[in-house]
Amino acid sequence: MKQEAQLKKYCVYANGGAEWVDIIRIYVIGCDGAARYIVQNVEEDDLYVFDSIGEALEFIKREYVDKPHLKVGECP
């Protein structure tokens with residue numbers, strides 16, 4: 001029996017985890033033996049795909065959240 005891929009959802013926090021960035025979600029999915037990171041802006045329903053979590057966080061910092069020390073964690 002073939003297993004379905006699990007989509008994992010994470011939220012982004014700024015300032016070392018002190019602030020939840022409520023407009024951004026990151027989804028992690030397996031793709032051809034590697035992980036892909038899908039960034040979603042929930043206000044605009046835009047999706048962007050990255051090869052690493054670092055690339056995704058740099059994009060989020062550049063385009064949406066100009067705050068230091070972004071990190072990924074469980075959603076509230």
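Over how many bridges do strand 2 and strand 3 pair, and in which sense? In this predicted model, strand 2 (residues 19-31) and strand 3 (residues 34-41) are joined by eight bridges and pair in the antiparallel sense. Cysteine 31 lies opposite alanine 34 of strand 3. The two strands form a hairpin with two residues between them. In the turn of this hairpin, aspartate 32 has a positive phi of about 55°.

The protein contains one helix and five strands, arranged along the sequence in the pattern β-β-β-β-α-β. The C-alpha trace spans about 45 × 25 × 25 Å along its principal axes. Of the 76 residues in the protein, 32% are buried. The exposed surface amounts to about 5200 Å², and carbon and sulfur atoms supply 47% of it. Among contacts with a separation of 6 or more, 35% are between residues 24 or more positions apart.

The five strands make up an open sheet with the order 4-3-2-1-5 and antiparallel pairing. Strand 4 and strand 5 (71-73) are the edge strands, each pairing on one side only. From one strand to the next, the twist averages 35°. At one edge, strand 5 runs antiparallel to strand 1 (residues 8-14), and three bridges join the two. Valine 12 has valine 72 in strand 5 as its bridge partner. Toward the other edge, strand 3 and strand 4 pair in the antiparallel sense over five bridges. Glutamine 40 stands opposite leucine 47 of strand 4 in this pairing. Strand 3 and strand 4 also form a hairpin, with four residues between the strands. Here aspartate 45 takes a positive phi near 60°.

Aromatic side chains were examined next. A search of the whole structure returns three aromatic pairs. The ring centres of tyrosine 48 and phenylalanine 59 are 4.6 Å apart and the planes stand at 50°; the pair is therefore tilted, since this angle falls between the limits of 30 degrees for stacked and 60 for edge-to-face. This pair links distant parts of the chain, with tyrosine 48 in strand 4 (residues 46-50) and phenylalanine 59 in helix 1 (residues 53-63), eleven residues apart. The edge strand 4 is thus connected to helix 1 through an aromatic pair.

The two partners differ in accessibility class. Phenylalanine 59 has a relative accessibility of 9% and therefore counts as buried, the limit being under 20%. Tyrosine 48, at 27%, counts as partly exposed, because that class lies between the buried limit of 20% and the exposed limit of 50%.

Phenylalanine 59 also forms an aromatic pair with tyrosine 64. The geometry of this pair is edge-to-face, with 5.9 Å from centre to centre and 80° between the planes. Tyrosine 64 is partly exposed, at a relative accessible area of 25%. Phenylalanine 59, which is buried, therefore takes part in a tilted pair with tyrosine 48 and in an edge-to-face pair with tyrosine 64. Ring pairs link Tyr48, Phe50, Phe59 and Tyr64 into a cluster.

Conventions
Residues are numbered from 1 along each chain as its sequence is written. This is a predicted model: local features need pLDDT of at least 70, side-chain atom pairs count only at pLDDT 80 or more; totals for chains, interfaces and linings use all residues. Side-chain values use heavy atoms; hydrogens and water are left out. Rings of Phe, Tyr and Trp (its six-membered ring) pair if their centres lie within 6.5 Å; planes under 30 degrees apart count as stacked, over 60 as edge-to-face and the rest as tilted. Buried means under 20% relative accessible area, exposed over 50%, partly exposed in between (1.4 Å probe, protein chains only). Two strands pair if DSSP finds at least two bridges between them. Axes are lines fitted to C-alpha atoms, for helices over the stretch in contact, and angles run from 0 to 180 degrees between N-to-C directions. Contact means heavy atoms within 4.5 Å. Accessible areas come from the Shrake-Rupley method with a 1.4 Å probe; for residues, only the protein chains shown count as cover.
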